[in-house]
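Here are a few exercises to work through at your own pace. Have the structure open, try each task, and then compare your steps with the solution.

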Amino acid sequence: MTETAFGSTYKTKKGMFRTVGQLYKESLTKLMATLRNTNPNFVRCIIPNHEKRAGKLDPHLVLDQLRCNGVLEGIRICRQGFPNRIVFQEFRQRYEILTPNAIPKGFMDGKQACERMIRALELDPNLYRIGQSKIFFRAGVLAHLEEERDLKITDIIIFFQAVCRGYLARKAFAKKQQQLSALKVLQRNCAAYLKLRHWQWWRVFTKVKPLLQVTRQEEELQAKDEELVKVKEKQLKVEAELEEMERKHQQLLEEKNILAEQLQAETELFAEAEEMRARLAAKKQELEEILHDLESRVEEEEERNQVLQNEKKKLQGHIQDLEEQLDEEEGARQKLQLEKVTAEAKIKKMEEEILLLEDQNSKFLKATHEENEGWARTAGPLARPLAQGAGKGVGIVFMARQALAALGPPGVEKKLMEDRIAECTSQLAEEEEKAKNLAKLKNKQEMMITDLEG
């Protein structure tokens, strides 16, 4: 008593702390269990009139309610489609009575049998469709077939009742005829007996007739002997058959024992096979789970591979662009290298020309200085400063002119060439640096592509 009370108290406490989700889940589970265990039918409540009077029906009101409830629309949709469906075997079993001679004897596929029945029923092709395992009908076709089936069954039952009643009537009539003939025989015998019972010869016949059986005893004994011989022969035959049956029984017992042993062995093999089947089923379930996991992993890897392929294509395109850019830079670098070599050759040639002009200039200055000193010695002391100044100025002017004539244009070209060479050298250094960076980037991209392909 205490345990029951404690259990009920505990259950009540447990129910008190259930959440709204648990209550909703419990009610939903009960509703689904009820729906699975029953065949639900939807009932539409229709108000016949607003006056609440019995027997009065407002057609417009009922029609509006049916239209608003969607009943008319549902009926229209059902009539446009094929709402009634039935499997081939059930259709053949139920409506074969309407087409008794359409299906030949023997086995026939359910679909072919249904097609023969439909052709025999002469239904409109728009009223039915034949599927893979079922036959579909429009609304009202099955009801029409049910009515025809009920009429056919009614006719058959009426015919069966008529046959039964005719048979019983004929039996009663024959019995009456037999009774009538027997009654006539009894009447005739009674009339004959009444006529012969006082006749003396009849009395003598009735007294002598039992004595006539004594003369027939030998015949009866001979018949009994013949019957006894036949019975003995039959007995011998039956004994032989019995021995044969015993032998067959013994043989069947041996075969039964052998079959029992085989059955025991087959039972053991079946048990082992069943156990193996259970193990294989468990293994199959496990392998299916593994296969499902592997399929999911394969899908993930395929997606990842697709992404990597896309990245690979992008990187290959980028590498191709980099290679093209590297080829362009390599061409520019080679072009600059050629320009550098050409400029260095020009510079070397100009340096040689400059050295040659400097040598000629030094010789010319030396000769001019000697001429000025001789002129100064001949002109005297007064003309020495002027001579010195004029000679110096003339020498400077001449030297400048000679320097300008000799070194002017080549010096400018040398400076321009040196600037050009410096610029080309800096560009060459920058291009070499870019080429190194592009080579490093190319090696890095090739390593990434190799890792992706591996």
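**Exercise 1: Confidence**

In this predicted model, confidence is lowest in helix α1 (residues 2-16), with a mean pLDDT of 44, and highest in helix α7 (residues 141-196), with a mean of 94.

Task: Find what the average pLDDT of the protein is, and which contacts the model has for residues 1-15 and 379-410.

Solution:
- Start with the whole protein: the average pLDDT is 81, and 85% of the residues score at least 70.
- Go to residues 1-15, where pLDDT stays under 50 and the model has 0 contacts beyond four places in sequence.
- Then take residues 379-410: pLDDT is below 50 here as well, yet the model gives this stretch 25 contacts beyond near neighbours in sequence.
- A word of care to finish: where pLDDT is low, the predicted coordinates should not be read in detail.

**Exercise 2: Positive phi**

Task: For K52 and E122, find the phi angle, the place in the fold, and whether each residue is buried or exposed.

Solution:
- K52 has a phi near 55°, which is positive although the residue is not glycine.
- K52 sits in the loop joining α2 (20-37) to α3 (59-69).
- The relative accessible area of K52 is 80%; exposed means over 50%, so K52 is exposed.
- E122, another non-glycine residue with a positive value, has phi near 60°.
- E122 belongs to the loop between α6 (110-121) and β2 (128-130).
- Its relative accessibility is 69%, so E122 counts as exposed too.

**Exercise 3: A helix pair**

Task: Describe how α5 and α6 cross and which residues meet.

Solution:
- The axes of helix α5 (residues 88-95) and α6 come within 9 Å and cross at roughly 45°.
- That angle lies between the 35 degree limit for roughly parallel and the 65 degrees where roughly perpendicular begins, so α5 is oblique to α6.
- The handedness of the α5 and α6 crossing is left-handed.
- On the α5 side, F88, F91, R92 and Y95 take part; they meet G110, K111, A113, C114, M117, I118 and L121 of α6.
- Sorted by type, the residues of this contact are 8 nonpolar, 1 polar and 2 charged.

**Exercise 4: A tryptophan**

Task: Say where W202 lies, how accessible W202 is, and which residues W202 touches.

Solution:
- W202 is part of helix α8 (residues 200-208).
- With a relative accessible area of 30%, W202 falls between the 20% and 50% cut-offs and is therefore partly exposed.
- Setting aside neighbours within four places in sequence, W202 contacts L196 and R197.

Key: Residues are numbered from 1 along each chain as its sequence is written. This is a predicted model: local features need pLDDT of at least 70, side-chain atom pairs count only at pLDDT 80 or more; totals for chains, interfaces and linings use all residues. Side-chain values use heavy atoms; hydrogens and water are left out. pLDDT is the predictor's confidence in each residue, from 0 to 100. Helices (H or I, at least four residues) and strands (E, at least two) are DSSP runs, numbered from the N terminus. Contact means heavy atoms within 4.5 Å. Buried means under 20% relative accessible area, exposed over 50%, partly exposed in between (1.4 Å probe, protein chains only). Axes are lines fitted to C-alpha atoms, for helices over the stretch in contact, and angles run from 0 to 180 degrees between N-to-C directions. Angles under 35 degrees count as roughly parallel, over 145 as roughly antiparallel, 65 to 115 as roughly perpendicular and the rest as oblique. A crossing is left-handed if the near helix is turned anticlockwise from the far one by less than a right angle, and right-handed if clockwise. Ala, Val, Leu, Ile, Met, Phe, Trp, Tyr, Cys and Pro count as nonpolar, Asp, Glu, Lys and Arg as charged, and the others, Gly among them, as polar.
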